[in-house]
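Work through the exercises below with the model open. Try each task before you read its solution.

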Amino acid sequence: AAGFVARAAPAALARQAARCFSQTSRAAEPLSRESRKAQLEALRKDPVYLDMKKTRAEHKEPWMDFTARHIGPRDEDVAEMLKALGPGAETLDSFIAQVIPEDVMLPPRRTIQPKTYTESGVAQVFKHMNKDNDVRVWMNGGGYYPVEIPTVIKRNVLENPAWYTSYTPYQAEISQGRLESLLNFQTMISDLTGLPVANSSLLDEGTAAAEAMTMSLNSLSTSRAKRPGKTYVVSHLVHESTVRVMHGRADGFGIRLETMDLSAPDAQQKIQALGEDLVGVLAQYPDTNGGVQDFRDLADVAHRQGTLFSVATDLSALTLLTPPGEWGADVAFGNSQRWGVPLGFGGPHAAFMAVKEASKRRLPGRIIGVSKDRTGGRALRLALQTREQHIRREKATSNVCTAQALLANMSAMYAIYHGPAQLKEMAVNNLRYARMVQAAAQHYGLEVPTRTLDPKGRVLSDTVTLRFDEPNVCQTLRRELMDHGISSGKTWTRDEIVLAVPTTFNQDLYVRVVKAFQAVANKNHTDRDLDVASKYWTEGFRQSSEDVVKEMPAAVRRDSSYLTHPVFNSHHSETEMLRYMHHLQSKDLSLVHSMIPLGSCTMKLNGTTQMELIGSENTANMHPHAPVSCVKGYQKLFSATSSQLSALTGMDATSLQPNSGAQGEFAGLRVIRKYHEQRPGAKRDICLIPVSAHGTNPASAAMAGMRVVPIKCDTLTGNLDLADLEAKCKKHASELGAIMITYPSTYGVFEPSIRKVCEIVHAHGGLVYMDGANMNAQIGLTSPGALGADVCHLNLHKTFCIPHGGGGPGIGPICVKGFLEPYLPHKDSQTPVASASFGSASIVPISWAYIATMGDEGLRKATKTALLNANYILARLKDHYPILYTNDKGRCAHEFIIDARPFKATAGIEVVDIAKRLQDYGFHAPTMSWPVPNTLMIEPTESESKEELDRFVEAMISIRQEIREIEEGKQPREGNVLRNSPHTQADLIVGDGEGAWDRPYSRQKAAYPRPYLREKKFWPTVTRVDDTYGDTNLFCTCPPVEDTTES
C-alpha cells in the first residue's frame, strides 16, 4: 500500500549499519598536510579554475582596494582640482608632465610588489610569515629584557593614533600633552641617574654611547681634540653591541678606542699614562656580565686628567644602586626598553642620557624645558635648540633629529603606573631570582665569575654569568636551556653564558633553569633538580625585601629617594592611569584632528591594518640576540621589504639597520667612505652639500669624517648652481668623495639638471648620495638609481607610513648600487650604526604592508595625487601669498614655499604669527623658516581629501585678510589677533582681567574666524610660549609642587 514501509529484519539492519559505518570511516580518513597541499596546487592549475579566476579579476571589488582608503581625493574630485590648475592640466598625466621633466620621468624597471593584497589578505600573509618566528624565554640580556607591557598603556599610547600620529612638538601650544609626558621621562631619568639634565630620548644604547664619546671629545680644548693619538677608554665589560657602534663613530672623528679591564691593578696607571691623549672613560654599571663595581676612584682619575667619565647603566638596577651622579659620573645613558616597551627584535626603544649641569649645552637630542606663556602661565617647550644639528650643521658632533618619543612616553607611563615603591620591589625580586640562579649553579659546581662587592659573593644585579673550562660544555648548557625553551646570552668569549632575569621570571622557569644546570654539573650530580630548586627558592624568599636592600654594600647601595614628584605617585589604578593619559592626549593636535601640512615631513595616513601587525607576540616578543633559527619569519620580512625598497629606488641592495633618516645619512656616507678606502689613490673625503640642505646633511658628513664644501643655489629658481658645482669638482677632483643632494630639492621643485649633476660628480671620481626626505614625490614615477645616485636613504616614517610618534620612532634604510653592497652596515664585515642588526625591526611590517596593499599601480597613483594636492593648494593661494621657487611651468613638486617676509614691513607680521594663528583655525602650521627664513613650506600628502585641502586654503586666505586689515590700518600693528594668537578658552573667558576685553578684535574673531570651527574646534591649552624665557631660565624636570593657597 502507498506509504507503507516494510520493517527490515534486525540482522539486515545490523549489516546495513556496519556497511554505512565502514563507508563513513573511510570517507573521514584525514588527508596528510602534504596531500592537501598537492590537491590545492593541482586545483589552482586546473583550466576551469583559472577561467573562474580570470572572470573574477575582470570585476573589481573597490571596497577591497586599500588604495582608495589611503588616497584622500575621490576620482570626481581630481577632475575638479585639475580645472583649478589652469591650462595644460586637463588630465592627471598631462599635469604630471608639467611637474616632472621628461628626462627625469624614469619609472622603476623592476616590479615593486609582485602581488597586491587586500587589507585582510596582507594580514593573513603576515601571520603565515610570522609563524616562523620561534618565541622563547629570553634571558639573553645585553640591555634587552622581556617585559609585561601594561595593557592600558599599550592600548592607549602605542596603539592610539592620537599619540602616534602627532609630530615632533615644535608647535608647543598644541603639544602640551606629549611635552608633559616627555618631561616626565626626563624627570625619571634625572632622578634615577642622579644627574640634573636629561634629554627626551636617543635612538638606542649604542648611539647614546657614541654620543657620550663625542661629547667627551667636544668638552676638550681644541688642541687636545686635534691630537693624532686621542684615545677613548672603554671597559671590556660594556655590551659588545654598544662597542661595535662606537667604533664607527670613533672612526669618523679619528678617535682610537682602547678596551681595558677597569678593575685591573694597573688600569688607573694605564689611563694616567695616556696623558693629554685621553678623551674620556666609559664603564658599564652593572656590567654586561651583571657585575657591580665602585668606580669612584676611576672617575677621579678621569677628572684629574680633564676628561668626562661616562657610564652605561640600567634603570631597574638604579632603583637599588647608588646613582652614577652621586659617585662622580659626568654622563649616564642606557636603554629604557625594559620599562614597558616590547623587545621587537631590537627596536624601536628609547635610549636615555643625563649629564651634569656643565654639559647641558653639549647634550645631544631634544630637551623639554619649562617656560611660561603670554599670560604668565606655565608652558612646556623644546629647549636649547641652538645646540641641535639644524643650527650647528657641519660644526655639530651629533646629527640626532628623529629620536624615540613614542617609546619614551611608554617608559615614562610605565614608571607612573607602577610608582617608585613597586619599581623597587620588582628590582629586588629580580635580584632575588638572580641569586637563586647563582646558588643553584654553584650547588652543581658551576663557576659564577660575575663581579661583586658583596662579602658573601652574591651578585648585585639581575644578571648572572657562568664560565666553563671547556667551550663545548658551555654549548651543551646552551642547548639544554634551549630544549627547555630558554635562550641564554653570550659574552665576549666562547666559554661564558649569561642569564639575565626579566620581570616575567617565575617558578616554572627557575625549575627549568636548574634542570639544565644539572645536565652539566661538576659536583652533586645526583641531587635531584627539583629538590635543589626548592631549597634555593625557599631560602631566597625567606629574606625580606628590606633585608635584601639593607645587606647590599654601602658603597653601591642607593639611599637617596627618587620619583618623588606626585605624577609618579598618583596614577596606580587603571582608572586613574587611563584618565591621565587621555588628559594629556586631549592637549595635543594630531592627524586625528586635521591635516598636518609640514613640508619635508610627509604626514600621511598611518593605516590601521598596517599598525595592527606590530602587536603580535611573534613580532613584539623577539630578542635581538635570538638564535638565527628562531627568527626565520623576520628574515622573510626583511628579504621582502628589502626587495620592495631596492626595486622602487632603482638600486640593487638595501640595509634596514639605520634607526632614523639622519642615521641613514651617516650609514650611507660611511658606505661611500669604506668604498673609497679600498681603492688606490688619494683620500677622498670631500663632501659637496648644497647650501639649501637639511642640517643633518653637513652634520652627518662631519660625523663620517668628511670635509664639507658648500655648493651655491640659484637665488631665483633654487636649483643647484652648475657652474659652481663644476668649479668645486675640478678644484677637489683628487679628493672628491661624494655629493649629498635631495630630490626633489629642498625648495620643492624637480630640478631639470639632476642627471647632469650626477654626471659631473661621477666624472670627477665622486659618488652621489641622494637624501630620501622627498621620496614621496618620486615613487613609481622615477627613482634615485635611474637618475644616477649610487646611495640613497629612505624615511620609512615619512614616505612609507610608519607614524612619526610625536618625535620618533623612525627607520632610515639605505639602498645602494651593487658595487657598494659589501659595505652595508648590517654585513658582518662592517661596523654597524645601530645596536641591533636590523634596527627598529618590529615596525618594518608597517612599511612592508603599506607597499603590499598599494601595489605598483597604487603607489604611482599616490605619488601623482601628492603632486596634485600640493599644486592645487599652490594654485588657490598664489593670488594671496608670494610663492617661492616653482618650475618654468609654475608648478611645484609635492611641496612649496610661501614667502611671509614682505609682511614684516607692511604689517609687522612675521611667519611665527601666521603659524600661531593657524592653531586658532585648528591646524598645525607648515614647516616654518626652513629652508628659507620667515617662510612656510606646505606639504599636504596624498592622504588628504579635497574637503580638507579647501578648509586649509580658506584658513590661509582668512589669515591673509587679517594681515590686510593691519596693512590698511583697520587693526593696530601690536596687540592684533595674529600677534596675540593662539587663544585658549581661559584667555577668552578671563580676557584682560575680570572678564574685561580691551582688544581691537572680538572674542568671536579670536575663537571662531571661520564657520566650521563652531562644529569642529581644537583648543590650544596655553597661549603663545615665551621661548627666550625658557632658555634663559632652563628647567628640564617636573617642577616641584607649589603651595597655591596664596595665589
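**Exercise 1.** Decide whether Cys 801 is buried or exposed.

*Solution.* This is a predicted model. Start with the relative accessible area of Cys 801, which is 1%. Buried means under 20%. Cys 801 is therefore buried, because its value falls under that cut-off.

**Exercise 2.** Find how many disulfides the structure holds, then explain the result for Cys 758.

*Solution.* Step one: the count is 0 disulfides. Step two: look for the cysteine sulfur closest to that of Cys 758. It belongs to Cys 729, 11 Å away. Step three: apply the cut-off, since a disulfide needs two cysteine sulfur atoms within 2.5 Å. The sulfur of Cys 729 is therefore too far from that of Cys 758 for a bond. Step four: check the surroundings of Cys 758. This residue is buried, at a relative accessible area of 2%.

**Exercise 3.** Which strand does S11 pair with, and in which direction do the two run?

*Solution.* Locate S11 at residues 463-467. Of its 5 residues, 4 are buried, and the strand is mostly covered. Next, follow its bridges: 5 of them lead to strand S13, residues 496-500. The two strands run antiparallel. As a spot check, take Val 464, whose bridge partner in S13 is Leu 499.

**Exercise 4.** Which residues does the UniProt domain annotation cover, and what is the make-up of residues 546-817?

*Solution.* Read the record first. The unreviewed UniProt entry places "domain: Glycine cleavage system P-protein N-terminal" on residues 69-501 and 546-817. Now turn to the model for residues 546-817. The chain there is 34% helix and 11% strand. The end C-alpha atoms of this stretch lie 60 Å apart.

Terms used. Residues are numbered from 1 along each chain as its sequence is written. This is a predicted model: local features need pLDDT of at least 70, side-chain atom pairs count only at pLDDT 80 or more; totals for chains, interfaces and linings use all residues. Side-chain values use heavy atoms; hydrogens and water are left out. Buried means under 20% relative accessible area, exposed over 50%, partly exposed in between (1.4 Å probe, protein chains only). Two strands pair if DSSP finds at least two bridges between them. UniProt positions are given in the numbering used here, feature names are shortened, and annotations may be inferred rather than shown by experiment.
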